[in-house]
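Visitor: Please take a close look at one position in the core of this model and explain how its surroundings are built. A single connected account, moving outward from that position, would serve best.

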Amino acid sequence: MDLQKAIVERVSVRKFKSDKVEIDLIKKIVEMAGKAPSINNSQPWKFIAVTNKEIIDKMADLVNKKIDKVFPDSHPKSAQIKSQVQSFSTFFVDAPVIIVVLQRPYEAVVDKILPEEGIDHNEINKMRNFPNIQTIGGAIQNMLLTAVDAGLGGCWLTGPNIAARDLEKLLDIEEPFTISACVAIGYPEGNTAPRAKKSLDEIFELID
Ligand SMILES: Cc1cc2nc3c(=O)[nH]c(=O)nc-3n(C[C@H](O)[C@H](O)[C@H](O)COP(=O)(O)O)c2cc1C
């Protein structure tokens, strides 16, 4: 598929057919993720594809439980907001594949000297506007576009991160890796019309 067509046609897909996704396609999606740019070519990522329905159910259960625990019942809008958050954080339960995106901390060259000046790793990260997090974004977009190219659809999720520590235990994820995001993948069911985006005029400025 033409690259621009894939970019334009990509849409967050939250409803999937029950069809399985072939392992070779899952591997291709992850392989393309690994081609993304990364700060200092650090490639601070790993990807776990979960296709086991029992484990996917457990993941959704952990997220639901955590949302139940964290959201107060006292606020008048709590029930409505909670149910919205629950739905956007756990719809992955019906996806045939969840790719869990892991990242490890990035140590920059400047980390070797700036702490001596009283500027710690967190401060350096802030100064650079979190290059480690920006790095993961490129990898995920590669995954989504590769999925579109293969006739699949996907959705990037950070909602499940609310239960990241529980999910890491369930999936045996060990330090230095932590969960950065999940990507639900499958064959789209229903409407896949791209969502409206701002026009070029609204987002572009030229300083010539
Ligand atoms: C960093 C990030 C986190 C997101 N987390 C979620 C999520 O937890 N649940 C969800 O349903 N969609 C999530 N999305 C998808 C956005 O809601 C979606 O991209 C946005 O509404 C625009 O729609 P489109 O992707 O179809 O163009 C996330 C997207 C990004 C970039």
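Guide: Ala184 has 25 other C-beta atoms within 10 Å and is therefore buried, the threshold for that class being 20 or more. The model is a predicted one, and what follows describes the computed geometry around this residue. Ala184 is situated in strand E4, which runs over residues 178-186. When residues up to four places away in sequence are set aside, Ala184 touches Phe92, Ala95, Ile98, Gly154, Cys155 and Leu157. Ile98 falls within strand E2, residues 97-103, while Gly154, Cys155 and Leu157 fall within strand E3, residues 153-157. A further spatial relation concerns Val100: its C-alpha atom is separated by 8.7 Å from that of Ala184, although the two residues are 84 apart along the chain. For the protein as a whole, residues 24 or more positions apart account for 83% of the contacts with a separation of 6 or more.

Two of these contact partners lead to the ligand. Cys155 and Leu157, both touched by Ala184, are among the residues around the ligand. The full shell consists of Val11, Ser12, Arg14, Phe88, Ser89, Cys155, Trp156, Leu157, Thr158, Gly159 and Arg195. Strand E3 makes the largest contribution to it, with 3 residues. Helix H4, residues 78-90, is another element that supplies at least two residues of the shell. By class, the shell comprises 5 nonpolar, 4 polar and 2 charged residues.

Strand E4 also leads in another direction, towards helix H2. The buried residues of H2 pack against E4 as well as strand E1, strand E2 and helix H6. Which residues of H2 are buried? They are Ile26, Ile29, Val30 and Ala33, in a helix that covers residues 23-33. Viewed down the helix axis, these buried residues fall within an arc of 95°, so they line one face of H2. Asp24 and Lys27, on the other side of H2, are exposed.

The packing of H2 against H6 can be described further. Two packed helices are characterised by the angle between their axes and by the distance between those axes. For H2 and H6 the angle is about 145° and the axes are 7 Å apart. Their crossing is right-handed. On the H2 side the contact involves Lys28, Ile29, Met32 and Ala33, which meet Ala139, Asn142, Met143, Thr146 and Ala147 of H6. This contact has 6 nonpolar, 2 polar and 1 charged residues. Ile29 and Ala33 thus appear both in the contact with H6 and among the buried residues of H2.

H6 extends over residues 131-149 and includes Val148. Val148 counts as buried because it has 22 C-beta neighbours inside 10 Å. Apart from neighbours within four places in sequence, Val148 is in contact with Ala6, Glu9 and Arg10.

The loops beside these elements have their own backbone features. In the loop between helix H7, residues 164-170, and E4 lies Pro176. A cis peptide bond joins Pro176 to Glu175, with omega at about 10°. Gln43 occupies the loop between H2 and E1; its phi is positive, about 45°, although the residue is not a glycine. Gln43 has 17 other C-beta atoms within 10 Å and so is partly exposed. Asn129, in the loop between helix H5, residues 121-127, and H6, is also a non-glycine residue with a positive phi, here about 55°. With 8 other C-beta atoms within 10 Å, Asn129 is exposed.

The overall architecture places these details in context. The protein contains 8 helices and 4 strands, arranged along the sequence as α-α-β-α-α-β-α-α-β-α-β-α. Its C-alpha trace spans about 55 × 50 × 40 Å along the principal axes. Of its 208 residues, 27% count as buried, and Ala184 is one of the buried residues. Its strand, E4, packs with the buried residues of H2, and its contacts include Cys155 and Leu157, which belong to the shell around the ligand.

Notes:
Residues are numbered from 1 along each chain as its sequence is written. This is a predicted model: local features need pLDDT of at least 70, side-chain atom pairs count only at pLDDT 80 or more; totals for chains, interfaces and linings use all residues. A residue is buried if 20 or more other C-beta atoms lie within 10 Å of its own, exposed if 12 or fewer, and partly exposed in between; C-beta atoms are placed from the backbone. The arc is that of the directions from the helix axis to the C-beta atoms. Two residues are in contact if their C-beta atoms, placed from the backbone, lie within 7 Å. A residue is near a molecule or strand if its C-beta atom, placed from the backbone, lies within 6 Å of it. Ala, Val, Leu, Ile, Met, Phe, Trp, Tyr, Cys and Pro count as nonpolar, Asp, Glu, Lys and Arg as charged, and the others, Gly among them, as polar. Axes are lines fitted to C-alpha atoms, for helices over the stretch in contact, and angles run from 0 to 180 degrees between N-to-C directions. A crossing is left-handed if the near helix is turned anticlockwise from the far one by less than a right angle, and right-handed if clockwise.
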